[in-house]
Each structure stands twice: as structure tokens, then as C-alpha cells.
Amino acid sequence: MSSTDERAELRDAVARLLADQGPAATVAVVVESPDGYDRALWRQLAEYGFLGLLVPEDLGGSGGQLADVAVLAEEAGRVLLPGPYVSSAVTATTAAVRAVRGGPGAARRRGTELIERLSGGAQTAVLIDARGATCGLTVTGDPQHGYEVSGTAETVVGADGAGTVLIGAGSGAGTALLLVPADSAQLMPVRLADSTRRAAAVRFDRTEVPASDVLASGEDAVSALRQARLNECAALAADSAGGARGALDLATGYAKTRVQFGRPIGSFQAIKHKLANMYIAVEAAAAIAEHAAAVLDTESDKLRRDQVVTAAGSFCTASYRSVAGDSIQAHGGIGFTWEHLCHRYLKRAWLNEALLGGQRALSARFAAGLIDHEIGAAPVGQTA
Amino acid sequence: MEDTLEAYRLEIGEWLAANAPGNWRETLQASSEAQVVDFYKAWTRKLHSAGHLVAHWPAEYGGRGLGFNGQVITQQEISRADAPRPRPLAISLGHAAATLMEHGSPEQQKLIPQILDGAIFCQGFSEPEAGSDLAALRTRAERRGDHYVVNGQKTWSSFGRYAEWCLLLARTDPEAPKHKGISFFLVDMKSPGLTVRPIRQATGSAEFCEIFFDDVAVPLDMLVGAEGEGWRIAQTTLVTERAVQMIELTESMRRSVSQLIGQAGRIPLAGGRSLAGEGSFRRDVAEIGIQVEVLAALTERTLSRVADTGDIGPASSLLKVFFSELLQRFTAIAAEAHGLSEQLDPGEPREVGFLSGQHFVDHLRSWTWTIAAGTNEIQRNIIAERVLGLPREERA
């Protein structure tokens, strides 16, 4: 899929599918079910090829582009689709697909099996990037002999219910991407403020990862993890743009029908300007989310890719937070009730932002690309 | 058409590389206002003689018939070359030309070649008592025999002092409902009884003018369209103008952000650091840089929508608000970075584009963008009522 027309068709198909299932109306019920999302709908997403958009056709996927993922993620965000779409079908799937492209032969079969199960909707997976000191996992070993994993990764969003845990570990030439069946780890579910996603603390106790489960190592692993992070950021940006639109639509509808002082509150300029500001934020977020996906599909310059995707992640999550908050405000008291969807938008906005490391980190990353590139050398001794 | 456009892109790119004036900002800063206007007129003629001024216009009016996509290419290449845009002719080439092409009589359309020769048109729309509520305008045009007699006062006419022609909105029927009694005229700025007075602005310069009409005679054949149609005719503009203008604005913002970063690397802070390494400055600049990326994406999305549908729709209001408020924040951050040294009296700054590199002047000038062409408050009303469909407010 590539042309504008086909993408418009994709959007229609997604919107129809999601509308038929009515996630927006039933989200409060669905999120309280054992799985936390609608399995039947998940299978349908798989049948339509939506879970395999990032999987090439020769690996059994639908061979789409990130621009297609952005369309789906935006619609999913708009209706608050519960479930691990981004964590499994985008982040973990990207890492696995990249790894089997360059990884060693033994692991290729394991990776390919996983990818088929993910795009077919048979299971979900989650990626833990354990390369940072803050993750809580200790990973030792090497690609030839396998690895051993110990420790606990807290609050892994998308882990609850996942059948496979992918772990990114090491650094530089020692970077590796490991495949661990979820039953070799201990998953302890934790509830999130955002009820539309599920999380777990993932504990490993000297869990052994055989060499055949090392999906990629060295530069291949670095590149798989980098692409997974970029795709995740672009998908969460699109989810946020869609969510912001959903929150705006609620507020607009309410402002037209809610009557106070004998007239619809939407006729007051205070409400009009608030909604106009929300609209501007929504349109701007949709534009940069679409652009970031297109840049990942077509641009090869690494700095450009990083900057545009970081900009999208930052702007879209910040806009989502502010629009969802304003939507509560425009609704007044009713918007603050548990039954109303407003708070679910706000909480999903916050989780999206936290998943990307927060505004401070996004800003610092963008500043590094912009400023240090501009003045030639990274001011190592100068950064505050 | 695709091949023609690509060939055109190469042609104008090569031409600009060879012909774009260098250091034009510095030259203009040191020139008198009249010299600035002459510079832009000469540049307009030069662009046109090479076929690059209005390549998007139909051939019958002096263009190459390249349409909207051609106009986008012209603007992209001028921005890429960092060449000047003929700014004092913005109304001539935009609003005036569009109005003449769509509503002008064959006689009136004879003014189009004058535009291509550098004639400046100014707008006679706003009045002291009719700003955001433009339809409340009071300037009268009364028909007397073979001409109209115009009395009243107009304001905020850019480059009015140097204009050859005025696009005038005046009331011909004071009894009609306020939008219905307005007519559209072309007025020769040399007409007896017409006086122009520059308005010195907050920046210290005087690009805007007041125009006083004291029994000014306007020939009947200078009425555009029919009497009472002025309001509708005034809405005619190349709807695409703002989208295309955004190409230049976005590129200038990028350039100006780079310039500020370069300067910040040379602004020392205590402890041997530079401003470029200071945390809150980095966060401010990142926020601006991120929003410039967003502006570029919005512009691109809008341009492709205009190319598909021929209409910019509500994106026009959105772009205006987003851009102008970003400009205001960015110029404030840039001026702040320079501290006291930015607080010297700039005198009478010249029109060298909306980002001159004089950050505090640019910051002051940013209010022309948040106010002119419909204040941002009016734009928000437009978005709320025409896009979101909220109920209209009671209006007098």
C-alpha cells in the first residue's frame, strides 16, 4: 500500500472495523475483561492484515509501510482501542523482523515463527530494552554460548498476557536481541492508570537463553533496536494525534448540546476559543505524525529521521495531554466522572508520553540533534 | 505537466543561483525606505523578464500556465536560494491580480501588465472604526454623473505611500444591510483629494499608511463588478496565497533558528560554558525547533490538499494562528538570549523580510502577524464556527 487513495481506503476500513466493534462505547467494559482487550477484534485485525503491516510478504505479513501503521494507530487512538497494538504489533514486531533479516541462521527459524504468530494474532510479544542502567535486568553471556538473565524489569507495558519477551541487552558490538518465552519468566501483572493498556513486572531468575534464541547481535541488534524505537515513537505519535481528535470530538459535541444561561455553551467565546485551540493542536499533531511516518518510509538520513520522529513524539504527546485536559474542562463536572471517556483519554495521553521517556528527555534528544549538530561539536563539557 | 514542472524547477534554480542578489538584507538595512521600494520593484521586473515572477499565471496574463504546483516550485526555489520575495508587491501579485482576473472588466485587466512592471497596489479596506468588524466601514462612494465621489479614511495600508493603485472598499448604499451596501473600486493614488500619511509603528518604521479621501473622483469604469458586490469580491484572493507564503516563512524560521544557535554558541556564561549548553535555553530552542518541524508538516499537508482540491479551506486560519504565535515565541526567546545588547534603539528598521535577524525588532514586528489579515481571535472564531460548527454569536 502506498498511494494516498489506498491509504484513505485503509483508514475507512479500519474506522469501519473499529466502529462495528464499538470500542469507544464499550471500552469501559472491555478493559475490565480478563485479557483487557477484545480478542475477537484482535483476530479480525489479524485477518485484515493489520497486525502484519510491518511484516514483509515473504514472512507472511501484509508488507505495508509505516505510513499505513500511522493510519491504523491514529484510528485506534481515536477510539481508545484497548490492547497491546503498539507494544506488540509495532515495537516487538519491528525488532523481530529486523533481527531475522540479518541475524544468524539458527535463530532465523525461531524469529520467523514468532513473527508469524504475531501477525496472525495467535499471541503478542513485548520488547524490554535492558541496555540502560535503569532497567533492572542483568544480562551476561555471548552470542555463541547464549545468555543468562536475572533481575526484575518493572512496569513493562504490554507484558501482561504476552507470550514472548524480547530483550535488548549489552552495548556496542556486544549488543544482542534475545528471545525469551514468557513462561521462562515470572510475569506479575500491575494495573496502569491508563486502563486501555496492561502491564506487568517481569522477573528473571538466572533464566538461560540458548544461542539459538539470540535473534541478532552486534550492529544488527543495534539497528533492530533503533528501528523498533523509532517505529514505536511514530506509532505512539499517531495514537496520540488520534486520541486528541477523539477528545476534541467529545468536547465539540458536548458544547453544541449543553445549554446554560439559555444557550449552548459552544456559543460562548471562552468555549469557542478553547475548542479552536484544541483543533489547532489536533490538526498540527496529525500533520507531524503523518509526516514522521512518511520520513521513516522514505528518508535515509539518520539525523533527519531521528529529529522528525522525536519532534512528532514530543509534539503529539504534549498536544494529546493538553487537549485531553481541555476536553475535561470544556465538559465541566460531567467530564470528571468515571463513566465519561474524558479521563481515559487523559490517562492514555500521559502513558504515551511516559513510554517515550517524557517531555524532558524528548526535548533533550531533539536539542542534541539540533544544537550540537549546528555548532559542529557536541559541547560535552558544556551541557548543563 | 510533471516534466514541465521539473524542467521549470531546474530552470529557476539555475537562474536564481546566477542572479539572486547577495547580501540584500544588509544592503537594505542601510538604505532609505524609497530605495528599499525601488530595490524590490527592480527585482520584480528582473524576475518577470526571466519568466519566474508569475509562472503560475495563465499565459494570457503573462504567466506560463504552470498553476498552483508551479507557484509552489517558484516559492521553494526562491526560499532555497535565500533570494528576496518582492514583498511590497504582495498585494499587487496576490489580491489585486486575483481580483482583476476574476472580476475585472477587459479595461480594468489592462492594469495587470503594470503589476508585472512593478506597480504597487495597496488595500483600502480597514478604517479607524472598522477593523475586525470590517463590514462596518463608513467610507462613502456616491455616484454623481460619470464618476463616484469618495469621502472617508482608510488605514493600515501597507506601502500606501509608494502605491500606484488602491483596492478600495466603500459604501455605495447606506440603506442596505451592512454587507450588501459595499462596492469595490480601483483608485489611482494620484487622484486629486487623496492624501497619504504614514503611520509610525511600534517597530519605529512606517510601512503602513493612512489614506484620506476628500471628494476624490473615481471614474465609473473603475467600479469592479456591480454595485453592492464589494464584500463578495473582496473575499476573492488566491486562496492559496497563504499556503504558498508558508513555504518561505517555514524556511526563514529554520534559517533564523540556526542563526540563533550559532550565536548562542558564542554567548559566554559563567563557568566557561556557552548559552548553547545551558539547559533551559536548550529546552526553549528544542520546543521551537520541534514546532518548526510541525509547521513544515502542516504546510506540506496543506499544499498537497490545495493541489488536490484547489481550496485551502480552514487550513488558512489554522496556519496563520500556528505560525504567528510560533514566530512570537521564537523571536522572544531569541531576543532574550541577547539580553541587554538587544535593547538598543533600532531606529527605523527597514522591510527586509519578517525575520531580519534583529531579534527584538522581529519580536515587535510579530504582532503584525498576530493582528493583520484577521486577528488571531477572529481566526479562532472562524475555526470554531465554520470548522467545528459551533453556534454563531449574536452580531450587531
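Me: Hi! Is α7(A) mostly covered or mostly exposed?
Reply: Hello! α7(A) is mostly covered, with 32 of its 39 residues buried. Keep in mind that this is a predicted model.

Me: Got it. How far does α7(A) reach from its first C-alpha to its last?
Reply: α7(A) reaches 57 Å over its 39 residues, close to the 57 Å expected at 1.5 Å a residue.

Me: Nice. What about chain A as a whole, how many helices and strands are there?
Reply: Chain A has 11 helices and 10 strands. The radius of gyration of chain A is 21 Å, close to the 21 Å that the globule rule gives for 384 residues, so chain A is as compact as a globular protein of that length.

Me: And what does the C-alpha trace of chain A span along its principal axes?
Reply: About 75 × 55 × 40 Å.

Me: What percentage of chain A is buried?
Reply: Buried residues make up 56% of the 384 residues in chain A.

Me: What share of the contacts in chain A with a separation of 6 or more is between residues 24 or more positions apart?
Reply: Those pairs account for 75% of such contacts in chain A.

Me: Okay, changing topic. How many residues of chain A are in contact with chain B?
Reply: There are 35 residues of chain A in contact with 35 residues of chain B. On the chain A side, α7 (219-257), α8 (269-298), α9 (302-331) and α11 (358-374) each supply at least two residues.

Me: So our α7 is in there too. Which helix gives the largest share of that side?
Reply: That's α8(A), with 13 residues. The residues of the side of chain A that touches chain B divide into 19 nonpolar, 11 polar and 5 charged.

Me: Cool. Now chain B: which domains does the assignment give?
Reply: The domain assignment of chain B gives domain 1 (2-85), domain 2 (121-234) and domain 3 (241-387).

Me: How far apart are domain 1 and domain 3 of chain B, going by their C-alpha centres?
Reply: Their C-alpha centres lie 23 Å apart. In terms of contacts, 14 residues of domain 1 of chain B meet 12 residues of domain 3 of chain B.

Me: Which helices of chain B each supply at least two residues to the domain 1 side?
Reply: For the side that touches domain 3 of chain B, they are α2 (24-29), α3 (33-49) and α4 (67-80) of chain B. The largest share of that side, 7 residues, comes from α4(B).

Me: Last one! How do the residues of that domain 1 side divide into nonpolar, polar and charged?
Reply: On the side of domain 1 of chain B that touches domain 3 of chain B, there are 4 nonpolar, 7 polar and 3 charged residues.

Terms used:
Residues numbered from 1 in each chain as written. Chains lettered and ligands numbered in written order. Predicted model: local features only at pLDDT ≥ 70, side-chain atom pairs only at ≥ 80, totals over all residues. Domains from an automatic or database assignment. Contact = placed C-beta atoms within 7 Å. Helix = DSSP H or I, 4+ residues; strand = E, 2+ residues; numbered from the N terminus. Nonpolar A, V, L, I, M, F, W, Y, C, P; charged D, E, K, R; others polar. Rg over C-alpha atoms; globule rule 2.2 N^0.38 Å. Buried ≥ 20, exposed ≤ 12 C-beta atoms within 10 Å, placed from the backbone. Expected span 1.5 Å × (residues − 1).
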